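Here are a few exercises on how helices pack and where space is enclosed. Try each task before you read its solution.

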Amino acid sequence: MNKPLSPEQWLGFIGMVFGIFMAILDIQIVASSLEQIQAGLSATRDEITWVQTAYLVAEVVIIPLSGWLSRALSTRYLFVLSCGGFTLMSLLVALSWNLPSMVVFRALQGVFGGAMIPTVFAVIYTLFPPRLQPAMVIVVGLVVTVAPTAGPVLGGYLTEAVSWKLLFLINVVPGLLVCLSTWLFVRVDEPDWGLLKQIDFRGILYIVVFLGSLQFVLEEGVREEWFESREIVFFSLLAAVAGIAMFYRELTIEHPIVDLWAFRNRNFAVGCLFSFVLGIGLYTIIYLMPVYLASVKGLNSLQIGQYVMVTGMFQFLSAFVAGPLAKVLDSRLMLALGLFLYGLGAWMNGNLTHEAGYWEFFWPQALRGFALMFAFLPINSLALGTLPPDEVKNASGLYNLMRNLGGAIGLAVSNTLMIQLNKQHYAVLREAVTPGSPEAQSLLAGLQERLARSALPDGELAALKELYGLVMREAEVLTLNTLFHTLSLTFFLALLFMPLVKKVSAASAGADAGH
């Protein structure tokens, strides 16, 4: 276990890391270019969101199955199959002729892409000696957290410069190279073909139906007004029934597809909880920041990219601080520090106004970016570091699933809250803007005077319209600030679970992994 890695093994591992960079980038790269794709495929606004939803639903379904698949097929076969499928689907997505074809190819892209992510996490704990594990977690952690931040920026740039089809075509050559390097150089384990003879099809069906329905409800709930929609009620019931059936089956049969007994390990269970909270933070912020900058500040996608890039830059910088610190600092203390700083950054973000400029946005994002590695690195070693090696593959799938589910639930909740809070804040503000209010009167008079100079036919109506726009904008600022504060409190509350975590040092993780 402690013999140094050969250059070939390093090359294989770097290839795998690049593979997951592509897979995670692809979740978000479409975000800033949905309008252009919508125009290209002549779809409606509601239909085009399926380009995102299909990928996310498929990815969430495959992640927990990846542990069993890599035991049956071996890491090498599974990764090459996944990366090859992902590359082929990227090509087919770019060649899509209409919306249904694109949604099908995006779903298959999600299936292949989702299996790659947990596989790399598991390889860290089986390929590398304990002293190198923290450094490798940093490398993979950077990829997992920087890729979603870089996605919309790169996506916006490629779409403006060439075409939205390039978002998918850029995967083809790197995808083939990753397949080649993994096939030639990654030898971590051997396939266990016997597992394929005892496939638990019912278990797979329950997992697919449960996670697929749950993700669908979370993605589509807001648009369909939750339980006003029969579709959402149906899928919610389906998720509940399939979930109960899945838990019962996976906990009682001899060879489960997903071994839920890993949750008996307290560190793993609490690590998954923290991973869930981190998912809420990561995905919700990636969604809220562009909304804030576009609707309140009126920025375009390239300007938004320049604002949002700050988080990614500071994540990168913090890797050089978090890595050495991980060797000397108690991982629990480091995690608490990371969660606290991330919460503080979100809280600062919630104190901004529509007048806030670049630098007011800069510092909260810098703090959040810097905090991410401090949280990400110890969560990984706490969750996976004390498990025996034969459980790591399966547990890695569950651990990554928790992050994605946290993201999906965070997005669904923030979307719903945004609609409700906007109405509430607007109603409160509207009560203050009345004909009897001297401030409202003087503002209206000032607007009328300014618009009168621009020779509009009906200055009074135009002034009222502008006043309505101002009130709506302020309501939106209040709403987004409330959401940032709520997110911040989620991180502060997570600190209450810190006493449940047992200490893990690199040495003990290695000893446990050697049993």
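**Exercise 1.** Work out how helix α6 (residues 75–94) and helix α10 (residues 172–185) are placed relative to each other.

*Solution.* Start with the numbers: α6 and α10 pack at an angle of about 170°, with their axes 9 Å apart. An angle over 145 degrees counts as roughly antiparallel, so α6 is roughly antiparallel to α10. Next comes the handedness, and the crossing of these two helices is left-handed (the near helix is turned anticlockwise from the far one by less than a right angle).

Now look for the touching residues, where contact means heavy atoms within 4.5 Å. On the α6 side they include Phe79, Val80, Cys83 and Leu91, and on the α10 side Leu176, Val178, Cys179 and Trp183 are among them. Sorted by class, this contact has 10 nonpolar, 4 polar and 1 charged residues. Here Ala, Val, Leu, Ile, Met, Phe, Trp, Tyr, Cys and Pro are nonpolar, Asp, Glu, Lys and Arg are charged, and the others, Gly among them, are polar.

A word on the source: this is a predicted model, in which local features need pLDDT of at least 70 and side-chain atom pairs count only at pLDDT 80 or more, while totals for chains, interfaces and linings use all residues. Residues are numbered from 1 along each chain as its sequence is written, and side-chain values use heavy atoms, with hydrogens and water left out.

**Exercise 2.** Describe the packing of α1 against α6.

*Solution.* First, the angle is about 40° and the axes lie 11 Å apart. That makes the pair oblique, the class left once angles under 35, over 145 and from 65 to 115 degrees are taken out. Their crossing is left-handed. Then check who meets whom: Met16, Gly19, Ile20, Met22, Ala23 and Asp26 in α1 meet Thr75, Phe79, Cys83 and Phe86 in α6. That contact splits into 7 nonpolar, 2 polar and 1 charged residues.

**Exercise 3.** Find the largest cavity (a set of points on a 1 Å grid where a 1.4 Å probe fits but cannot get out) and say what lines it.

*Solution.* Begin with the count: there is 1 cavity of 30 Å³ or more. The space in the largest cavity is about 40 Å³. Lining residues have an atom within 4 Å of a point, and here they include Phe13, Met16, Leu127, Phe185 and Arg187. Two or more lining residues come from each of α1 (7–28) and α7 (99–127), with α1 giving the largest share, 4 residues. By class, the lining has 7 nonpolar, 2 polar and 1 charged residues.

Key:
On a 1 Å grid over the protein atoms alone, a cavity is a set of points where a 1.4 Å probe fits but cannot get out, and a pocket is an open set with protein on both sides within 12 Å along at least five of seven lines; lining residues have an atom within 4 Å of a point. Grid points are joined across faces, edges and corners, and a volume is the space filled by probe spheres set on the points. Axes are lines fitted to C-alpha atoms, for helices over the stretch in contact, and angles run from 0 to 180 degrees between N-to-C directions.
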